[in-house]
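Me: I've got a model open and want to talk it through. Can you walk me around it?
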Amino acid sequence: MKKALIAMILLILTFALCSCSPMDSIARSPNQAAATAFTPIGTVEPFSLDQIKSLSSATLRYTCIAADDTTGSYEQTITEPESLQTIETLFSQAEQLAPMYDCLFENAALTLTMEDGSQLDFQLAADSCTLFAIGEYQYDFMPIEYRNSDGDRPHNNLIYDLFPKIPKNN
């Protein structure tokens, strides 16, 4: 009982001390990671990266658990052609990966709406990983020119910066 209480207090402190930034990794113990394992959402099959084209809007929903006044759920829809083109380019050139559960997918969902009205729902990594998931499949949207680079590489701010009303600490 005492160990369970200590574990719960540590878990609460971990969430209370984390910032609301989707850019920051949240440190989780193996037990915490297993307890919050990736739960697939969105289209399962058939899915092809070729479906990500002619976007009319993108909606990001982000839930933050923090100790400051930015705690809460946030949603923003963008329709700016330049921003949508950035998403379309990054996501349509993504590389499919084997499932990896060390990136935080629980906090962010992205819905892409095409000009024909069809929609694709993704989970977007809420830490620094450049990953999105659809169904049980995960994809890395790291720009092609950085994929095999050992130097500085961009991270999820490539997408999150397109949604300025979603709170984050840069």
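Reply: Sure, and one term up front: two strands count as paired if DSSP finds at least two bridges between them. Q123 and A133 in strand 6, for instance, stand opposite each other. Keep in mind that this is a predicted model.

Me: OK, what's the secondary structure of the chain?
Reply: There are 4 helices and 7 strands. Along the sequence the order is α-α-β-β-α-β-β-β-β-β-α.

Me: How much of the chain is buried?
Reply: Of the 170 residues, 38% are buried. The chain exposes about 9600 Å², with carbon and sulfur atoms supplying 55% of that.

Me: And what share of the contacts comes from residues 24 or more positions apart?
Reply: Counting contacts with a separation of 6 or more, 68% are between residues that far apart.

Me: Let's go to strand 4. Which residues are on its two sides?
Reply: A108, L110, L112 and M114 are on one side, while A109, T111 and T113 are on the other, and all of them are buried. In a regular strand the side chains alternate between the two faces of the sheet.

Me: Why is strand 4 described as largely enclosed?
Reply: Because 7 of its 7 residues are buried, strand 4 is largely enclosed by the rest of the structure.

Me: Which strand does strand 4 join through 7 bridges?
Reply: That's strand 1, residues 55-64, and the two run antiparallel. One spot to click on is S57, which stands opposite T113 in strand 4.

Me: How many bridges does strand 4 make with strand 5?
Reply: They pair over 5 bridges, again in the antiparallel sense. T111 stands opposite D121 in strand 5. The two strands form a hairpin with 4 residues between them, and G117 in the turn has a positive phi of about 95°.

Me: Back to T113. Is it buried or exposed?
Reply: T113 is buried: its relative accessible area is 13%, and the cut-off for buried is under 20%. T113 lies in strand 4, residues 108-114.

Me: What does its side chain do there? I mean T113 and any polar contact.
Reply: The side chains of T113 and Q119 are joined by a polar contact of 3.1 Å. Leaving aside neighbours within four places in sequence, T113 is in contact with S54, L55, S56, S57, S118 and Q119.

Me: S54 is on that list. Where does S54 lie?
Reply: S54 is in the loop between helix 2 (30-35) and strand 1. With a relative accessible area of 35%, S54 is partly exposed.

Me: What about the phi of S54?
Reply: S54 has a positive phi of about 55°, although it is not a glycine. Most residues other than glycine have a negative phi.

Me: Which side chain has a polar atom 3.2 Å from the backbone nitrogen of S54?
Reply: That would be E88, which sits in helix 3, residues 81-92. Not counting residues up to four places away in sequence, E88 touches I52, K53, S54 and L55.

Me: How far is E88 from the nearest side chain of opposite charge?
Reply: The nearest one is K53, 8.4 Å away. E88 is buried yet has no salt bridge; for a salt bridge, the side-chain nitrogen would have to be within 4 Å of the carboxyl oxygen.

Me: While we're in helix 3, is P81 buried or exposed?
Reply: P81 is exposed, with a relative accessible area of 68%. P81 belongs to helix 3 as well. The C-alpha atoms of P81 and S56 are separated by 7.9 Å, and the two residues are 25 apart along the chain.

Me: Switching to strand 6. Which residues cover its two sides?
Reply: L131 and A133 are on one side and F132 and I134 on the other, all of them buried.

Me: How do strand 5 and strand 6 pair?
Reply: In the antiparallel sense, over 2 bridges. They form a hairpin with 6 residues between them.

Me: And strand 6 with strand 7, how many bridges there?
Reply: 4 bridges, and those strands also run antiparallel. F132 has Y139 in strand 7 as its bridge partner. Their hairpin has 2 residues between the strands, and G135 in it takes a positive phi near 60°.

Note on methods:
Residues numbered from 1 in each chain as written. Predicted model: local features only at pLDDT ≥ 70, side-chain atom pairs only at ≥ 80, totals over all residues. Heavy atoms only, no water. Buried < 20%, exposed > 50% of the residue type's maximum accessible area, 1.4 Å probe, protein only. Contact = heavy atoms within 4.5 Å. Areas by Shrake-Rupley, 256 points an atom, 1.4 Å probe, with all protein chains shown as cover. Polar contact = N/O pair within 3.5 Å; in protein donor to acceptor, adjacent residues only side chain to side chain. Lys, Arg positive; Asp, Glu negative; His and termini not counted.
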